[in-house]
Amino acid sequence: MNLFSFSRLERYAKCPKSFYYKYVLEIEEPISEPLALGKAVHAAIERFLKAQWANEKKDMSECVAEAVAEAPVPISFDEALQLCLNPAVRERTFCYGPPEIEQRFDVQLDDAGEYGLQGTVDYSERNLTDVKNCLLVDWKTNRAKYGADCLQMRLYAAVLARRYKVEQVLAQL
């Protein structure tokens, strides 16, 4: 199956040659500081929220320190902590139900099974009291600005609507 992801499609739209080198020729790129920072922030948030869901006492700074220590290139603890302390993370109350954190997906796009969409949803919860909707949250750690028309969020919302069989996906960046 030919798998596509939002990041692959975005790379192709921005620079077809870069897409060709990475995905056709499979030339690996060195891990950049922004990529390492993003991965560390995602790992720290995942650790923190899983501990919260399990009613374990774990401080965000402890989760960040662990993730920063595992980063393949040096990154700033302070910057990672600041990104982890945004309201979308601090105010998670698990009001919908058990969270799914950093969940990979593969969705077939055509009947023949030749094309598919893959990705990772940062955070989602299915509403257990109102089965018509669910919550989708995407942690943004890069320096780009995203708005309500973010294509990635629309793609992920469509995947969650299909997975949970809901009418509405409430999305938050």
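Guide: A residue counts as buried under 20% relative accessible area, as exposed over 50%, and as partly exposed in between. With that scale in hand we can look at this structure, which is a predicted model.

Visitor: Why is Arg 163 called partly exposed?

Guide: Arg 163 has a relative accessible area of 32%, and because partly exposed lies between under 20% and over 50%, the residue belongs in that class. Glu 100 is placed in the class of partly exposed residues too, with a relative accessible area of 22%.

Visitor: What makes Arg 163 and Glu 100 a salt bridge?

Guide: The closest N and O atoms of Arg 163 and Glu 100 are 3.0 Å apart, and the term asks for a nitrogen of Lys or Arg within 4 Å of a carboxyl oxygen of Asp or Glu, so the pair qualifies. Arg 163 lies in helix H7 (residues 151–164) and Glu 100 in strand E2 (residues 99–108), so this salt bridge ties together parts that are 63 residues apart in sequence.

Visitor: How many salt bridges does the structure hold, and which residues are linked in a network of them?

Guide: There are seven salt bridges in the structure, and the network links Arg 47, Lys 58, Glu 66 and Glu 70. Within this network, Glu 66 pairs with Lys 58, their closest N and O atoms being 3.4 Å apart. Glu 66 is partly exposed at a relative accessible area of 28%, and Lys 58 is partly exposed at 24%.

Visitor: Why are Glu 46 and Lys 50 said to be separated by about one helical turn?

Guide: Both residues lie in helix H3 and they are four residues apart, which means a separation of about one helical turn. Their side chains meet in a salt bridge, at 2.9 Å from N to O. Glu 46, at 23% relative accessibility, counts as partly exposed, and Lys 50 is partly exposed with a relative accessible area of 46%.

Visitor: What makes Ala 36 buried?

Guide: Ala 36 has a relative accessible area of 3%, and because buried means under 20%, the residue is classed as buried. Ala 36 is found in helix H3 and, not counting residues up to four places away in sequence, touches Ile 31, Pro 72, Val 73 and Ile 75. Of these contacts, Val 73 is 37 residues from Ala 36 in sequence, while the C-alpha atoms of the two are 6.6 Å apart in space.

Visitor: How do you know that Gln 152, in helix H7, counts as buried?

Guide: The relative accessibility of Gln 152 is 10%, which is under 20%, so Gln 152 counts as buried. Leaving aside neighbours within four places in sequence, Gln 152 is in contact with Phe 6, Asp 138 and Lys 140. The C-alpha atoms of Gln 152 and Glu 10 are separated by 9.3 Å, although these residues are 142 residues apart along the chain.

Visitor: Why are H3 and H5 called oblique to each other?

Guide: The axes of helix H3 (residues 33–53) and helix H5 (residues 77–84) come within 10 Å and cross at roughly 50°. Angles under 35 degrees count as roughly parallel and those from 65 to 115 as roughly perpendicular, so a crossing of roughly 50° is oblique. H3 passes H5 in a right-handed crossing. In this contact, Glu 33, Leu 37, Val 41, Ala 44 and Ile 45 of H3 meet Glu 79, Ala 80, Leu 83 and Cys 84 of H5, a set that divides into seven nonpolar, no polar and two charged residues.

Visitor: What makes H1 oblique to H2?

Guide: Helix H1 (residues 6–14) and helix H2 (residues 16–24) pack at an angle of about 135°, with their axes 5 Å apart. Since angles over 145 degrees count as roughly antiparallel and those from 65 to 115 as roughly perpendicular, H1 is oblique to H2. Here Arg 8, Arg 11, Tyr 12 and Lys 14 in H1 meet Pro 16, Ser 18, Phe 19, Lys 22 and Tyr 23 in H2, and the residues of this contact divide into four nonpolar, one polar and four charged.

Visitor: How many helices and strands does the protein chain have, and what pattern does the chain follow along the sequence?

Guide: The protein chain has seven helices and five strands, which read along the sequence as β-α-α-α-α-α-α-β-β-β-α-β. Of its 173 residues, 36% count as buried.

Terms used
Residues are numbered from 1 along each chain as its sequence is written. This is a predicted model: local features need pLDDT of at least 70, side-chain atom pairs count only at pLDDT 80 or more; totals for chains, interfaces and linings use all residues. Side-chain values use heavy atoms; hydrogens and water are left out. Axes are lines fitted to C-alpha atoms, for helices over the stretch in contact, and angles run from 0 to 180 degrees between N-to-C directions. Helices (H or I, at least four residues) and strands (E, at least two) are DSSP runs, numbered from the N terminus. A crossing is left-handed if the near helix is turned anticlockwise from the far one by less than a right angle, and right-handed if clockwise. Contact means heavy atoms within 4.5 Å. Ala, Val, Leu, Ile, Met, Phe, Trp, Tyr, Cys and Pro count as nonpolar, Asp, Glu, Lys and Arg as charged, and the others, Gly among them, as polar. Buried means under 20% relative accessible area, exposed over 50%, partly exposed in between (1.4 Å probe, protein chains only).
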